[in-house]
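Open the structure in your viewer and keep the sequence panel in sight. This tour tells you what to select at each stop and what you will find there.

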Amino acid sequence: MVHTRRVLTTILAIMCVLAFGSAFAKGHHHNNGAQLLGDRIKNNGQHMIHQVGEHKVFVQVSNGKVAGVNVKHSKKGDVPVKKYKTKKKMVQADGILLASYTLVQYQDIGMTYIGYSFIDEYGDEQIYWFTYEMILDGDTGAIDYVPLT
């Protein structure tokens, strides 16, 4: 009887972890891609802008515009990158600032931002934000970004 109860409790715990696993310790880390890229946007080619653990983030620049972002893991190779768009300012030049924490007067209502993201080895989503004007083809493949609450 006790053995059966332990097995059922273990099965229930595993099912809860599988069902609610995405809610545990996973977050979004917003990075200012424009600031990380800096003056290298003037030079065509691939530029490494950041390293997160064993992941290296590269920006492909073509004619002064961001043509794409790709991420490589040092052992596993290429990592999938997701493209977001939003009207909310997710980063500032001097650091991270979620739009939900700013006054309405300070938000750029007419500006569109494009973010490229990947999931790091800890399950956190790393997002690199650029203004729409910096992107070669901003709308293609971009999905609406919904911030975590």
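**Stop 1: a buried ring**

Select Phe130. At 1% relative accessibility, Phe130 counts as buried, because buried means under 20% relative accessible area, exposed over 50%, and partly exposed in between, with a 1.4 Å probe and protein chains only. Before moving on, note that this is a predicted model, in which local features need pLDDT of at least 70, side-chain atom pairs count only at pLDDT 80 or more, and totals for chains, interfaces and linings use all residues. Residues are numbered from 1 along each chain as its sequence is written, and side-chain values use heavy atoms, with hydrogens and water left out.

Now add Tyr116. Tyr116 is buried too, at 6% relative accessibility.

**Stop 2: aromatic pairs**

How many aromatic pairs does the structure hold? There are 4. Rings of Phe, Tyr and Trp (its six-membered ring) pair if their centres lie within 6.5 Å; planes under 30 degrees apart count as stacked, over 60 as edge-to-face and the rest as tilted.

Look at Tyr116 and Phe130 together. Their ring centres are 6.2 Å apart and their planes meet at 70°, so this pair is edge-to-face. The pair links distant parts of the chain: Tyr116 sits in strand β9 and Phe130 in strand β10, 14 residues apart.

Next, select Phe118 and Tyr128. Here the aromatic pair is stacked, with 6.4 Å from centre to centre and 5° between the planes. Phe118 belongs to strand β9 and Tyr128 to strand β10, so the pair ties together parts that are 10 residues apart in sequence. Both Phe118 and Tyr128 are buried.

Then pick Tyr84, Trp129 and Tyr145. These form one aromatic cluster.

**Stop 3: strand β10 and its partners**

Select residues 125-131. This is strand β10, and 6 of its 7 residues are buried. Helices (H or I, at least four residues) and strands (E, at least two) are DSSP runs, numbered from the N terminus. Two strands pair if DSSP finds at least two bridges between them.

Add residues 113-119, which are strand β9. β9 and β10 run antiparallel, joined by 7 bridges. Find Ile119: it stands opposite Glu125 in β10. The hairpin of β9 and β10 has 5 residues between the strands, and Gly123 takes a positive phi near 85° there.

Now add residues 28-32, strand β1. In which sense do β1 and β10 pair, parallel or antiparallel? They pair in the parallel sense, over 5 bridges. His29 stands opposite Gln126 in β10.

**Stop 4: the whole sheet**

Show the strands in the order β1-β10-β9-β6-β11. They make an open sheet of 5 strands with mixed pairing. The edge strands are β1 and β11 (143-144), each pairing on one side only.

Zoom in on strand β6, residues 82-86. β6 and β11 run parallel, joined by 2 bridges. Tyr84 stands opposite Ile143 in β11. Tyr84 is also part of the aromatic cluster with Trp129 and Tyr145.

**Stop 5: the full chain**

Zoom out. The chain has 2 helices and 11 strands. From the N terminus on, its elements run α-β-α-β-β-β-β-β-β-β-β-β-β.

What share of the 149 residues is buried? Buried residues make up 32%. Switch on the surface: the chain exposes about 9,700 Å², and carbon and sulfur atoms supply 59% of that. Such accessible areas come from the Shrake-Rupley method with a 1.4 Å probe; for residues, only the protein chains shown count as cover.
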